[in-house]
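Subject: Structure handover

Hello,

Here is the structure I said I would pass on. Please open it beside this email and follow along; my notes come after it.

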Amino acid sequence: MFAGVPFVFKDVVCHAKGVPMRMGTLALKQGVVFDTNTALMERFLEAGLVLVANTTTPELALSCVTTSRLTGTTLNPWNTDITVGASSGGSAALVASGAVPMGHANDGGGSIRIPAARNGLVGLKPSRGRVSTGPDYAEIMSGNAIEFAITRTVRDAAALLDAVHGYQPGDRYASVPPNRPYQEEIRQRPRSLRIAVTAEPISSVAVDPEVVDAVDDTAGLLEDLGHRVTVVKHPIDWFALTETFNFIWGFGVAATVMQVAEIGGVDISPDYFDASTLASYEFGMSLGALDLADAYAEMNSITRRYAAFMSDYDVIVQPTANRVHVSPTHLEAKSSPATSLEWVRAVLEEYPACCLYNVTGAPAVNLPLMQSKDGLPVGIHVGGHMFGEGTLLSLAAQLEEAQPWAQRRPSIHVSSLDRTAGPV
């Protein structure tokens, strides 16, 4: 399907045989080398993709900026003064700049959709269980983290999902099989959908007026395409959601830090781990079994409330990012948090629509439909029903056809290279 297509993979979770993985942390500076591929890597390779590099991520993929003491700061090819997003920022930067057409990414709180929004790309987070996390993991972050990729087009997202989705023997989760291949879904125009729309500021970060305008313009486009659009109030309390999310985050970070420190042969200390990572590690270590059980119960409650709300709608449309002009250094002042919750909210508050879909397991996609007045990407977040990737991709293809984005290019792009220059 993708014979000979160059491909990159994010330096965390998904790994290739013989290729060192460092996970963006000094604790694994020398890298850990595996003697097998993950199940997802096997499917990437079986599809014909050719690995050319692994890509930068913040430490253990625990931030919304792609900065680490190991690899420095990854820059946004659209504007180096604007964050590239994270934690799949390295993959997003390479896809946006035209170095590769698609790149592996994963998403535990928005890490596919956030960098896709910042880089003008398609970022699909599939449903829980759609893409295997085996054989290393039964689940990642209690099922909150999902594996897939970032692409330039809906076509590529559909084709790649066709190639890699599906149950692997031993997987904890199994997804409902699609009605037909996703490449067929995007060739079918969706029926008139019931679409909820909201641009309200559900976190502590205000939504830029031009982002509100972008959501309004999207709503207008959807109506022009024959869909039934309703402006709604967001169904979930973001502050309560992130309090629950923090328990899952802390529990997952504690387990990961202990494992990484053991593999790397290092102490769990500021010499090897960031202050924010240590704050979440310490919180996770303080938790007991009943704390985790309570968090799972609240995750269930949130998921049921979301599902009840969505019974009246096919998809919900929101901003992926509340603001356009966010610096790569915007988290520096918050990088030594007093508590894990303080860090979690700092990471997620710019992108409040995202983490709900990690908790519920439902699919969601960033679409690079709009641009700011100065030409930066403005991502539109579309969330759907569990195992509803077909609807999301069909609608996304319709929107891409109505308002194409693939021809847009950032200022730093391979097409702008001076091909007449001699060797450097």
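Which residues of α12 are buried? They are E389, G390, L392, L393, S394, L395, A396, A397, Q398, L399 and E400. Please keep in mind that this is a predicted model.

Helix α12 covers residues 389-402. Eleven of its 14 residues are buried, so by the cut-off of under 20% relative accessible area the helix is mostly covered. The length can be checked as well. At 1.5 Å a residue, the 14 residues of α12 should span 20 Å, and the end C-alpha atoms are 20 Å apart, so the two values agree.

Next, the nonpolar cores. The largest one has 67 residues. The members that touch the most others are F44, F148, L160, I195, V382 and L393. Helix α4 (residues 154-164) gives the most to this core, with seven residues. A second, separate core has 57 residues, and V12, I114, F309 and Y313 are among them.

I195 belongs to the largest core and Y313 to the second, yet I195 is in contact with Y313. Leaving aside neighbours within four places in sequence, the other contacts of I195 are L222, H227, R228, V229, T230, V315, V317 and L395.

Now the strands. β7 (residues 146-151) is mostly covered, with six of its six residues buried. Strand β5 (residues 102-107) runs antiparallel to β7, and six bridges join the two. One residue to look up here is G103, whose bridge partner in β7 is I150. Strand β6 (residues 122-125) also runs antiparallel to β7, with three bridges between them. On that side, V122 has T151 of β7 as its bridge partner.

The last item is a single residue, N37. It sits in the loop between β1 (6-10) and α1 (39-46). Is N37 buried or exposed? N37 counts as buried because its relative accessibility is 15%, and the cut-off for buried is under 20%. Its side chain reaches the backbone nitrogen of K17 at 2.6 Å. A polar contact of 3.1 Å also joins the side chains of N37 and E42. Leaving aside neighbours within four places in sequence, N37 is in contact with H15, A16, K17, E42, L45 and P135.

That is the list. I suggest going through it in this order with the model open.

Regards

Notes: Residues numbered from 1 in each chain as written. Predicted model: local features only at pLDDT ≥ 70, side-chain atom pairs only at ≥ 80, totals over all residues. Heavy atoms only, no water. Buried < 20%, exposed > 50% of the residue type's maximum accessible area, 1.4 Å probe, protein only. Helix = DSSP H or I, 4+ residues; strand = E, 2+ residues; numbered from the N terminus. Pairing = 2+ DSSP bridges. Polar contact = N/O pair within 3.5 Å; in protein donor to acceptor, adjacent residues only side chain to side chain. Contact = heavy atoms within 4.5 Å. Core = buried A, V, L, I, M, F, W, Y, C linked by side-chain atoms within 4.5 Å. Expected span 1.5 Å × (residues − 1).
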